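Here are my notes on this entry, point by point. Please read them alongside the coordinates.

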Amino acid sequence: MSIRTRFAPSPTGYLHIGGARTALFNYLFARHNNGKFVLRIEDTDVARSTKESIDAILDAMNWLGLDWDEGPFFQSQRFDVYREHAAALLEKGLAYRCCCTAEELEKRREEALKAGLPPKYDGRCRERAVEPDLPYAVRFKVPPGATIVDDVIKGRISFDNSTIEDLIILRSDSTPTYNFCVVVDDATMGMTHVIRGDDHINNTPKQMLLYSALGYDLPVFAHLPMILGQDRARLSKRHGATSVMAYKEMGYLPHALVNYLARLGWSHGDQEIFSPNELIEKFSLDSVGKSSGVFNPEKLLWLNHHYIKESPPEALSSLLIPFLEERRVAAEKGPRLSAIVKTLKERSKTLKEMADNALFYLREGVEYDPRAAEKFLLPENIAVFKTLIERLEGLEAFTEAEVEAVFSSILEEKGLKLGKVAQPVRVALTGSAVSPGIYEMISAMGKELTLKRLREAVIYMEKGAGV
RNA sequence: GGUCCUAUCGUCUAGAGGCCUAGGACGUGGCCCUCUCAAGGCUAAAACACGGGUUCGAAUCCCGUUAGGACCGCCA
């Protein structure tokens, strides 16, 4: 039988890190097995579901490259299917009408909690003979016995049915609830494997009971351990960015996030770096760990830097443009962007950082850092600068090698160390005492801009000499 | 409170009874390289939660303790 998995987010917010990993594992498992990966939107809570959330989730899935084969299916469009299933259960006496009001139930729950008792529905409508003329919800009649979950990741887990309450499957407005929809959908959509967060473990026996009441075959369950924040509590906003798209905005590469998430809870020996295809090829539920893991932004940053270093400058350039526009500099005007990017890859951990580092290349004038100027733009350097300008002017291609040759000749003639010349030139060209390597930077900057800035620096130094 | 899950360096993890004086990676410290900053190379510190078993032998199996976590909605 062909493998089918699904990712089923509820559209009540953006796609977060935890959801993305669940989606990724479902995707990888399906792809690895040449199966199908289905996207389903769980929007039965009409009040909380929004179109914006749906779009946001789809955008994030696309950005991560988690393409799905079927869907998105919407539960809100399948209410008839759920009602038919509920009617069948009612018919067979496996479900019943409950007239308790939400307020009553809430009150009883609080009292039970206060008394230290399990806040479980007492089943008072279960055996009632007559149906009063009142609004009702439909509850599933949980049978006695025990339910065994054979989880691929966690192993065998046993639940005593007496700890499970008669859950509502249809609300009093006749809309279906989560546990019921999941079962009906997973069964009718032919899911072979249900891979989800282990916060759903306690739902699993309820769902299994529903499968059997409905007469459907069980899927294989695989419960992924949670992703925690630094304080080991479930990952949430207060731990920092949890939205997938926030990482895009911070200048992360999608595959860096994917690689990071894959290794959080899954491993393949000592390997850390996986290409997308390698992930598909090597993924297996057998090597998913059981214990929850702490989200580590530093390691993600390292991976991002790794992939920036590996990426061709041309690809990076086009990704960088939106970040440059954000900073109101036009990339087209400056030296060729990919030449710039090439000098920045080693020292930019994110695209955002790279955009900041690229500013000195692209802005009109140079703004000297006072401390750097004070230390390096000294009158004694005027002569060297003039020689340098002269010789650079004579260059044709302005390659890194040519530039280096010019520096070498001057250094040798004047008996200077490179540092004595490179630092002042660096400040002259960038305004800062920190920058990419001097030859590569000059080459990337191009003849015209380099000479312009060197000449401006000479003027600056000449003024300083008079003071 | 009840149900359930989990437990190897600070963090992610390797480890499926002897290969473990426990390996890799991130981070941290040091050294090297060096035109600054990076990158890179080398190196150091750093862990089997605890207590009982089982076994010739346990990080690995079993039990208990402890500690974390999740869930207990007419939310999903």
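1. Start with the backbone contact to the RNA. In this predicted model, a polar backbone atom of Pro119 sits 3.3 Å from a phosphate oxygen of RNA strand B. Arg234 also reaches a phosphate oxygen, here through a side-chain N or O atom at 2.6 Å. Arg48 addresses another part of the strand: a polar side-chain atom lies 2.7 Å from a sugar or linking oxygen.

2. Several elements give two or more residues to the surface near RNA strand B. Among them are helix 4 (102-114), strand 7 (155-160) and helix 10 (297-310). Helix 17 (418-430) and helix 18 (438-445) are also on that list.

3. How many residues surround RNA strand B? The count is 62, and the closest are Thr44, Cys100, Arg171, Arg347 and Ser435. By class, the surface has 19 nonpolar, 22 polar and 21 charged residues.

4. Which parts of the RNA face the protein? Of the strand B atoms within 4 Å of the protein, 70% belong to sugar or phosphate; bases supply the rest.

5. Now the sheet. Three strands run in the order 1-2-3, open and parallel. Strand 1 (4-7) and strand 3 (70-74) are the edges, each pairing on one side only. Neighbouring strands are turned by 25 degrees on average, direction ignored.

6. Strand 1 pairs with strand 2 (residues 36-41) over four bridges. Phe7 stands opposite Leu39 of strand 2. Helix 1 (residues 17-32) packs on this sheet and touches both strand 1 and strand 2. The helix direction makes about 165 degrees with that of strand 1.

7. On confidence: chain A averages a pLDDT of 93, with 98% of residues scoring at least 70. The model has ipTM 0.96 and pTM 0.95.

Technical notes:
Residues numbered from 1 in each chain as written. Chains lettered and ligands numbered in written order. Predicted model: local features only at pLDDT ≥ 70, side-chain atom pairs only at ≥ 80, totals over all residues. Heavy atoms only, no water. pLDDT = per-residue confidence, 0-100. Near = heavy atom within 4 Å. Polar contact = N/O pair within 3.5 Å; in protein donor to acceptor, adjacent residues only side chain to side chain. Nonpolar A, V, L, I, M, F, W, Y, C, P; charged D, E, K, R; others polar. Pairing = 2+ DSSP bridges. Axes fitted to C-alpha atoms, helices over the stretch in contact; angles between N-to-C directions. Contact = heavy atoms within 4.5 Å.
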